[in-house]
Amino acid sequence: MTHAELVRLAEDWLRVNYRCGIVLSEQTADGCEVPDVIGWKRQCRSVVIECKVSRTDFFSDQAKAARQRPETGMGCERFFLAPRSLVKPEELPKGWGLLECFRRKIEMRARPPRQSQRSNIGLMAEMDLLLASLRRVEVRIEPQTITTFLKWKNRLSQYNGGRLPQGLAGDETNLLLT
């Protein structure tokens, strides 16, 4: 199993099994931790998954700044995802859970504490990551702003070949299609 395959499985697991409404993978913001996958569910509860395909990668992860100072890390809940039997639960850093992959299915082997692991520093790092991601989206949808793009009539028009669905009247121009 490759790292990229684990990342894709982690994205799907967060969306479907853990009911995260927003999921990002391998996104970065200046000076922040770069989680393999991070998702958010209700009440701004964030879940980080670090994907590991080798024991060497797992143990070298412990040298990351956010592991040395866990209070600076992202994620109310934090998991490692690895192929089955690669990591033992007793090897996990304090506060981390373990997800195992076998035959493309993910199973929770060790649950992280229910109490949030994220501090205000981690919350600010998550905000930086979200803002950096939104800036990347806005650059791609120029000349309109992200606000205009996100308005539901513009999205409906975009996905309907430039036309609003029958029965809807447009009250603003969709700059994406002009």
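**Exercise 1. Find the largest nonpolar core and say which residues have the most contacts inside it.**

Step 1. Start with the term: a nonpolar core is a set of buried Ala, Val, Leu, Ile, Met, Phe, Trp, Tyr and Cys residues joined through side-chain atoms within 4.5 Å. Buried means under 20% relative accessible area, exposed means over 50%, and partly exposed is in between (1.4 Å probe, protein chains only).

Step 2. Know what you're looking at: this is a predicted model, where local features need pLDDT of at least 70 and side-chain atom pairs count only at pLDDT 80 or more, while totals for chains, interfaces and linings use all residues. Residues are numbered from 1 along each chain as its sequence is written, and side-chain values use heavy atoms, with hydrogens and water left out.

Step 3. Now the core itself. It has 18 residues, and W13, L14, I49 and L81 have the most contacts inside it.

Step 4. Ask where these residues come from. Helices (H or I, at least four residues) and strands (E, at least two) are DSSP runs, numbered from the N terminus. The elements giving two or more residues are α1, β3, β4 and β5, and α1 gives the most, with six.

Step 5. Zoom in on W13. Leaving aside residues up to four places away in sequence, W13 touches Y18, I49, F79, L99, I106 and M108, where contact means heavy atoms within 4.5 Å.

Step 6. Don't stop there: apart from this core lies another, of 10 residues, including L24, C32, V48 and A125.

**Exercise 2. Work out the strand order of the sheet, then place helices α1 and α4 on it.**

Step 1. Strands of a sheet pair through backbone hydrogen bonds, either parallel or antiparallel. Here, two strands pair if DSSP finds at least two bridges between them.

Step 2. Read off the order: six strands make an open sheet, β1-β2-β3-β4-β5-β6, with mixed pairing. At the edges sit β1 and β6 (105–110), each pairing on one side only. On average, neighbouring strands are turned by 25 degrees against each other, direction ignored.

Step 3. Take one pair as a sample. β5 (residues 96–102) and β6 are antiparallel, over five bridges, and F102 stands opposite K105 in β6.

Step 4. Add the helices. α1 (residues 3–16) lies across β1, β2, β3 (45–51), β4 (77–83), β5 and β6, and runs at about 160 degrees to β3. α4 (residues 120–141) packs on the sheet too, touching β1, β2 and β3, with its direction at about 100 degrees to that of β2. For these angles, axes are lines fitted to C-alpha atoms (for helices, over the stretch in contact), and angles run from 0 to 180 degrees between N-to-C directions.

**Exercise 3. Trace the salt bridges of K52 and R67.**

Step 1. Side chains of opposite charge can pair when their charged atoms come close. The cut-off: a side-chain nitrogen of Lys or Arg within 4 Å of a carboxyl oxygen of Asp or Glu. The structure holds 14 of these.

Step 2. Try R67. Its partner is E33, with the closest N and O atoms 3.0 Å apart. R67 lies in helix α3 (residues 65–68) and E33 in the loop between β1 (22–25) and β2 (37–41), so the pair ties together parts that are 34 residues apart in sequence. R67 is buried at 11% relative accessible area, and E33 is buried at 14%.

Step 3. Move to K52. K52 bridges to E50 at 3.9 Å, N to O, and to D61 at 3.1 Å. K52 is buried at 3%, E50 at 1% and D61 at 1%.

Step 4. Join it up: E33, E50, K52, D57, D61, K64 and R67 are linked in a network of salt bridges.

**Exercise 4. How many disulfides are there?**

Step 1. Use the rule: a disulfide is a pair of cysteine sulfur atoms within 2.5 Å.

Step 2. Count: zero. For C76, the nearest cysteine sulfur is that of C44, 8.5 Å away. For C101, the nearest is that of C51, 9.4 Å away.

Step 3. Check burial as well. C76 is buried at 3% relative accessibility, and C101 is buried at 5%.

**Exercise 5. Is R103 buried or exposed?**

Step 1. Locate R103: the loop between β5 and β6.

Step 2. At 70% relative accessibility, R103 counts as exposed.
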